[in-house]
Amino acid sequence: MKIEIRNAADREFRTVTVRKGQTIESVVKSLDEKPPHEVLAAKKDNRVVPLTNVLNSHCRVELLDGTTVIGNQTYQHGLTMMYLYCIEKVIGRVRVEIQNSLNKGIYTEIFTEKPVTAQQIDEIEKAMKQLAKDDVPFETVYLDRRETEKFLKEADLQEKLRLVESMPKRNRFKEYKLNDFGNFFYDIMPPTTGYIKVFSLRKYKKGVLLRFPYMDDPGKLPKYVDRKYMYDAFEQAKEWQEILGIHYAIDLNDKNRAGEMGQIILLSEALHQKRIVEIVKNIIEQKKRIILVAGPSSSGKTTFAKELCIHLRVNGVKPLYLGTDDYFLNRVDTPLDENGEPNFEDLEALDVDLFENNMNALLEGKEVDLPRYDFLSGKKVFGERITTVPEGQPIVIEGIHALNGALTEHIADKWKYKIYISPLTQLNIDAHTRIPTTDMRMLRRIVRDYKYRGHSARETIREWPKVRAGEEKNIFPYGAEADDFFNSIHIYEMGVLRKYAQPLLEQVTPDDREYCDAKRLLRLLDFFDTIEDDDMIVNTSILREFIGGSVFVD
C-alpha cells in the first residue's frame with residue numbers, strides 16, 4: 001500500500017510503500033531517510049493522530065516533531081504524566097498542580113504536610129529517567145460515564161469530576177495509563193515513555209520547575225533564566241483567584257451559570273486598576289521619565305500604556321504618549337529579510353538615532369518635531385507634532401523593542417522604567433492541564449484581526465509562526481530587563497472570546513493546512529461556557545482592544 005509522507009519542515013510529500021495495518025510509528029522507524037528530530041505525533045489527512053494510529057488506506061501523513069506546536073505539546077503531556085506517576089511512586093498519592101510556564105519550564109507545586117525536599121525531587125527525577133529507559137507504553141483506555149466518575153472520585157480529582165459532570169451529553173471518556181497509574185488528559189500522548197529523553201527537575205521557591213526542550217532546539221534543555229518578577233506575577237494571580245473564587249474552568253462556568261458574571265467582570269477590572277496604581281506609584285516615587293512598555297503580540301500594550309497615562313495624570317503628572325512605530329525608517333530604507341521582503345520586525349527597521357535624539361531633547365526641555373509615520377506612503381511625516389515636555393514630566397513609550405537596550409543605549413538609565421506586559425494565563429482547565437499563554441494570545445489576535453483588519457482565522461493562524469519567531473528574537477530575550485510586570489489577563493475572558501472566536505475558527509475547513517490548529521483552539525474553547533452578555537465590560541478594558549468598543553483603539 002502506498003502513502004504520501006513528509007517531515008514537518010518539508011514542503012513536498014514523498015510516496016512510500018507500507019504494509020496495510022502498520023502504525024505510523026513503525027513506518028517512521030522503517031524510513032530510509034530518518035527525520036531530523038524525534039517524531040512525536042502526526043497529521044493524517046490533516047487531522048492530528050498519535051503515532052499508534054493504524055494505516056489501512058492511502059493517506060497523507062505529516063510527521064510532527066518537537067519543532068512543531070503539536071509535537072512539543074505532546075512531549076509536555078507525556079512528561080507531565082511521567083512526573084505525576086513518579087511523584088506517586090516516591091511520595092505517595094498527594095495533590096499536584098501543573099501551574100504555569102516559568103523560567104524556561106513549567107512551575108508545579110506538590111502539596112504535602114511538610115515541604116518537598118531536594119532529596120525527594122532528585123528521587124522523582126531518577127525515577128522518571130528510569131521510566132524513560134524502561135520505554136513503558138502510554139496505554140489508552142476508554143471508559144463510559146459511570147466508570148469515569150468512579151475513577152475520578154477514587155483518585156480525588158474533584159475539578160476533573162465536576163467538569164465531567166457538567167458534560168451530561170458525553171458518554172465516553174479517554175484515560176491514559178502508565179502501568180497501574182491512570183489519569184485524564186485531553187490531547188494525545190507519545191507512544192511510550194522512551195520518547196521523553198530530555199528533561200530535568202529543579203526546586204524553585206515553594207515548588208518544582210519541570211524543564212524540557214523548547215521548539216527552537218528539541219534535542220536539549222534551554223538555558224535557565226530566572227525571572228523572579230514572573231513568579232511574583234503568578235503569585236499575585238493566585239491571590240486574584242482567591243478573591244474571585246475561580247481556580248479552574250469549571251469554576252468560571254459555575255459563576256456564569258449562577259448569573260454572577262457582572263460582579264466577576266467588575267472585580268477583575270478593579271484588580272487591573274489596582275495593579276496600575278501600584279506601578280504608577282513606583283514611577284512617581286522613583287522620578288522616572290522614560291517609561292518603556294513592551295510585550296508580545298496581543299498583550300494589550302496600547303490600552304495599558306494609555307491607561308498608565310490617565311493614572312499618571314490623576315496623580316498630577318502630565319505624560320506624553322508615544323509609539324515606536326512612528327520611528328520606522330522610510331520604506332525604501334527598510335532592511336530586507338532572508339526572503340527579500342521588507343523586515344519590519346527587527347530593531348534595524350527603526351530610526352534609532354532619531355528616536356534617541358528626540359527623547360534626549362525632550363528630557364532637556366527642548367522643542368522637538370516628532371514624526372508621524374504614514375503607512376500608506378511609507379514615509380515619516382514632520383511638522384504635525386511639534387512638542388515639548390514640562391520639566392520633570394514622563395514620556396510613555398510603547399513598542400515591541402521598548403525593552404531592548406539598544407533602542408535607548410544613549411539615554412541615561414536613571415530616567416528609564418521598563419514594564420513588560422503579557423496575558424499570563426491564570427485559569428487552567430484542571431490541576432494537571434494548563435492553558436498555554438501563546439494560545440490565549442492567538443485567540444485574542446484572531447478576534448482582533450477579523451474585527452479591525454478583515455483577516456480570517458485561517459490567515460491569522462498561518463501568520464502566527466512568523467509572529468512567534470519575531471517575539472523569540474525581539475521581545476522575549478529582553479523580558480528579564482523589566483523593572484515591573486503587568487499581567488493583562490482577565491480571568492473571565494475565555495468565555496467572552498469563545499463567542500467571537502468560535503464562529504471564525506469553525507470556518508477553517510479540513511482542506512486548510514491551518515485546520516489542526518483551529519480544531520485545537522476549538523477544543524480549548526469547549527471547556528468554557530460562552531459569556532453571551534459582554535455589555536458590562538467597560539470601554540477602557542484591555543479586552544475591548546480585541547473584541548471592540550475600546551476608547552483607546554481606533
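In these legends, two residues are in contact when heavy atoms of the two lie within 4.5 Å. The structure in every view is a predicted model.

**View 1. Histidine 58 and its surroundings in the loop between S4 and S5.**
Leaving aside its neighbours within four places in sequence, histidine 58 is in contact with Met1, Lys2, Ile3, Glu4 and Asp45. With one of these residues, glutamate 4, histidine 58 shares a polar contact of 3.5 Å, made between the two side chains. Aspartate 45 stands 13 residues away from histidine 58 along the chain, and the C-alpha atoms of the two are separated by 9.5 Å. Histidine 58 has a relative accessible area of 49%, and because the range from 20% to 50% is called partly exposed, histidine 58 is described as partly exposed.

**View 2. Leucine 64 in strand S5, which covers residues 60-65.**
Is leucine 64 buried or exposed? Its relative accessible area is 3%, so leucine 64 is buried. When neighbours within four places in sequence are left aside, the residues in contact with leucine 64 are Val39, Leu40, Ala41, Ala42, Lys43, Ile70 and Gly71. By contrast with these contacts, the C-alpha atom of leucine 64 is separated by 43 Å from that of lysine 379, which stands 315 residues apart from leucine 64 along the chain.

**View 3. Two residues with positive phi, asparagine 46 and aspartate 156.**
Asparagine 46 belongs to the loop between strand S3 (39-44) and strand S4 (47-49), and its phi is near 70 degrees, a positive value in a residue other than glycine. The relative accessible area of asparagine 46 is 15%, and asparagine 46 is therefore buried. Aspartate 156 is found in the loop between H4 and H5, and its phi, also a positive value in a residue other than glycine, is near 55 degrees.

**View 4. The second largest pocket and the residues that line it.**
The space in this second largest pocket comes to about 520 Å³. Its lining is made of 26 residues, and those nearest the centre of the pocket are Glu88, Arg93, Ala155, Leu157 and Phe181. Several elements supply at least two lining residues each, among them helix H2 (69-90), helix H5 (158-165) and strand S9 (172-178). Which element gives the largest share of the lining? The largest share comes from H4, with 4 residues. Sorted by class, the lining of the second largest pocket holds 11 charged, 10 nonpolar and 5 polar residues.

**View 5. Glutamine 393 in the loop between strand S16 (379-387) and strand S17 (395-398).**
A polar atom in the side chain of glutamine 393 lies 2.6 Å from the backbone nitrogen of lysine 318. Lysine 318 is also one of the residues in contact with glutamine 393 once neighbours within four places in sequence are left aside, and the others are Arg289, Gly316 and Val317. Glutamine 393 has a relative accessible area of 15%, so glutamine 393 is buried.

**View 6. Proline 423 in the loop between strand S18 (416-422) and helix H11 (437-453).**
The relative accessibility of proline 423 is 0%, and proline 423 therefore counts as buried. Leaving aside neighbours within four places in sequence, proline 423 is in contact with a set of residues that includes Ser298, Ser299, Thr437, Met440, Asn487 and Ile489. Leucine 329 stands 94 residues apart from proline 423 along the chain, and the C-alpha atoms of these two residues are separated by 30 Å.

**View 7. Asparagine 474 in helix H12, which covers residues 457-474.**
The side chain of asparagine 474 is joined to that of aspartate 346 by a polar contact of 3.1 Å. Besides Asp346, and leaving aside neighbours within four places in sequence, asparagine 474 is in contact with Glu345, Leu347, Ile400 and His401. Asparagine 474 counts as buried, because its relative accessibility is 6%.

**View 8. Cysteine 516 and cysteine 309.**
A disulfide is a covalent bond between the sulfur atoms of two cysteines. How many disulfides does the structure hold? The structure holds 0 disulfides. Cysteine 516 is in no disulfide, and the cysteine sulfur nearest to it, that of cysteine 59, is 13 Å away. Cysteine 516 is buried, with a relative accessible area of 4%, and cysteine 309 is buried too, with a relative accessible area of 9%.

Notes: Residues numbered from 1 in each chain as written. Predicted model: local features only at pLDDT ≥ 70, side-chain atom pairs only at ≥ 80, totals over all residues. Heavy atoms only, no water. Buried < 20%, exposed > 50% of the residue type's maximum accessible area, 1.4 Å probe, protein only. Polar contact = N/O pair within 3.5 Å; in protein donor to acceptor, adjacent residues only side chain to side chain. Disulfide = S-S within 2.5 Å. 1 Å grid on protein atoms, 1.4 Å probe; cavity = no way out; pocket = protein on both sides within 12 Å on 5 of 7 lines; lining within 4 Å. Points joined across faces, edges and corners; volume = space filled by probe spheres on them. Nonpolar A, V, L, I, M, F, W, Y, C, P; charged D, E, K, R; others polar.
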